[in-house]
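Me: I should like to learn how to read the features of a protein model step by step. Could we begin once the structure is in view?

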Amino acid sequence: MALRDPFRPSEILLLGPGPSPVDPAVAAAMAAPTLGHLDPEFIALMDRVQQDLRVVLGTANRFTIPISGTGSAGMEAAIVNLVEPGDRVVVGVHGVFGGRMVDLVRRQGGEVVVVEAPFGQPLDQEGMARAILGGATRLVGFVHAETSTGVLQPFDGIVSAAREVGALVLGDCVTSLAGAPVEADARGLDAVYSGTQKCLSVPPGLAPFTLSDAAIDRIRGRSGPSTSWYLDVGLLSAYWKEGGDRVYHHTAPVQMVYGLARGLDLVIDEGLEARFERHRAVAAALYRGLDVLGLRCLVDPAFRTPMLTSVGVPEGVDEAGLRRFLRAEHHIEIGAGLGAFRGRAVRIGLMGHGARLTNVRRLVAALGDGLSRVGHPVDVGAALRAVG
Ligand SMILES: Cc1ncc(COP(=O)(O)O)c(C=O)c1O
């Protein structure tokens with residue numbers, strides 16, 4: 001009988017909007033033997049992951065866990081627990097992921113007030129403040145690093161306005177966490193979710209998640225249970241109960257928790273500040289190389305998020321063709337432009353383990369090759385010298 005061949009993926013350098021390259025130390029940790037999900041050793045690891053997540057999120061919140069599911073599960077967990085029918089919720093939409101937040105709030109029966117920014121620009125904080133102060137707002141949501149555009153959203157003004165009316169603040173930090181400062185407590189975020197596959201450089205599958213005591217009080221005061229059983233914070237807190245008897249809720253994805261634990265070790269060993277600086281320095285090198293290639297970054301430098309860059313494609317160059325060429329000839333993945341950038345931009349991700357100068361050099365050389373082949377000759381040597 002012929003045996004089936006195992007799946008053997010090609011080695012592709014992941015420089016798109018995520019997933020990012022998995023650190024080999026994380027991959028090795030995930031290959032360890034599976035333990036029972038209530039085994040004492042695994043429970044000790046759960047405690048450690050919760051503690052380390054607090055460090056990386058910048059919080060002392062007791063309710064800090066990795067939700068079993070991708071970043072979207074984190075978004076859903078926040079909204080199904082924090083929103084009740086009729087709640088006034090202000091959502092800032094400056095890209096695709098803010099739009100999803102609106103959809104989720106509506107599905108919970110919330111009354112959404114949408115504040116929009118043009119694609120590629122940040123939300124106007126004064127506009128957000130007016131919307132927040134314009135009624136009995138219960139929750140304010142926004143995306144910190146909008147992966148669809150590459151904008152890093154300032155939010156001090158959003159938090160101050162929310163405080164004035166007693167609204168909770170929810171931040172989507174899927175792409176920013178471990179690549180740019182989140183500092184949930186110091187900056188006043190009541191609820192934060194993220195994903196493992198961006199700047200943590202762990203495969204997709206868990207959503208780091210935290211809730212302030214005020215958010216927990218809000219959930220305790222709900223008039224009825226959350227509409228989701230799987231994502232119910234009350235039930236999850238009995239399972240993720242540090243130092244206590246953990247009550248089975250669902251079977252945690254054991255291997256993913258090993259991977260996240262190792263990913264968090266690497267972040268903490270590197271140091272948050274050093275890691276943020278690495279992301280900034282590598283992004284700056286990319287901007288220099290792109291400039292010499294004649295490629296334009298679409299977001300104003302003041303609002304660019306270092307781990308994700310939207311880059312305009314010159315007139316006459318087929319962006320999908322360019323991406324296919326990079327994948328086929330250089331084994332590099334980059335992302336398509338989305339929304340208003342669709343068809344005229346690509347998205348470059350330099351996240352976590354992927355945020356390295358060697359990767360910038362490889363990408364700049366590959367982009368230069370791709371442009372030259374479609375009749376846009378460029379000086380790759382000069383671009384590489386600019387990268388440094
Ligand atoms: C800002 C942002 N929010 C939410 C998500 C959804 O996360 P996931 O695809 O892991 O479910 C993503 C994914 O790219 C994202 O970039």
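Reply: The largest share of the shell around the ligand, three residues, comes from helix α3 (residues 71-82). Please bear in mind throughout that this is a predicted model.

Me: How many residues surround the ligand, and which are the closest?

Reply: The shell holds 14 residues, and T70, G71, S72, T147 and V174 are the closest. By residue class, six are nonpolar, seven are polar and one is charged.

Me: What does the radius of gyration say about the chain as a whole?

Reply: The general idea is to set the value beside the one expected for a compact globule of that length. For 388 residues that expectation is near 21 Å, and the chain has 21 Å, so the two agree. The C-alpha trace spans about 65 × 60 × 45 Å along its principal axes. Of the 388 residues, 51% count as buried. Among contacts with a separation of 6 or more, 71% are between residues 24 or more positions apart.

Me: How many helices and strands does the chain have?

Reply: The chain has 13 helices and 14 strands. One sheet is open and has seven strands in the order β2-β10-β9-β8-β5-β3-β4, with mixed pairing.

Me: Which strands stand at the edges of that sheet?

Reply: An edge strand is recognised by its partners. Here β2 (63-68) and β4 (111-116) each have a single partner strand, so one side of each is left without a neighbour in the sheet. From one strand to the next, the twist averages 15°.

Me: In which sense do β5 and β8 pair?

Reply: Strand β5 (residues 137-143) pairs with β8 in the parallel sense, over five bridges. Within this pairing, L139 has L168 in β8 as its bridge partner. Helix α6 (residues 156-165) lies across β5 and β8 and runs at about 170° to β5.

Me: What is the strand order of the sheet that contains β11, β13 and β14?

Reply: These three strands form an open sheet in the order β11-β14-β13, and the pairing is antiparallel. Its edge strands are β11 (308-312) and β13 (335-336), each of which pairs on one side only. Five bridges link β11 to β14 (residues 345-349) in the antiparallel sense, and L308 stands opposite G349 in β14. Helix α11 (residues 319-330) lies across β13 and β14, at about 35° to β14.

Me: I should now like to turn to the backbone. Which residues does the cis peptide bond join?

Reply: For this feature one reads the omega angle. The cis bond joins G18 and P19, with omega at about 5°. P19 is placed in the loop between β1 (13-14) and α1 (24-30).

Me: Where does E183 lie, and what is its phi?

Reply: Phi of E183 is near 45°, a positive value in a residue other than glycine. E183 belongs to the loop between β8 (168-172) and β9 (191-193).

Me: Why does E183 count as exposed?

Reply: The reading rests on a count of neighbours, with 12 or fewer taken as exposed and 20 or more as buried. E183 has 12 C-beta neighbours inside 10 Å and therefore counts as exposed.

Me: Is S201 buried or exposed?

Reply: S201 is buried, because 30 other C-beta atoms lie within 10 Å. S201 also has a positive phi, about 55°, although it is not a glycine. Its place is in the loop between β9 and β10 (206-211).

How values were computed. Residues are numbered from 1 along each chain as its sequence is written. This is a predicted model: local features need pLDDT of at least 70, side-chain atom pairs count only at pLDDT 80 or more; totals for chains, interfaces and linings use all residues. A residue is near a molecule or strand if its C-beta atom, placed from the backbone, lies within 6 Å of it. Helices (H or I, at least four residues) and strands (E, at least two) are DSSP runs, numbered from the N terminus. Ala, Val, Leu, Ile, Met, Phe, Trp, Tyr, Cys and Pro count as nonpolar, Asp, Glu, Lys and Arg as charged, and the others, Gly among them, as polar. The radius of gyration is taken over C-alpha atoms; the globule rule is 2.2 Å times the number of residues to the power 0.38. Two residues are in contact if their C-beta atoms, placed from the backbone, lie within 7 Å. Two strands pair if DSSP finds at least two bridges between them. Axes are lines fitted to C-alpha atoms, for helices over the stretch in contact, and angles run from 0 to 180 degrees between N-to-C directions.
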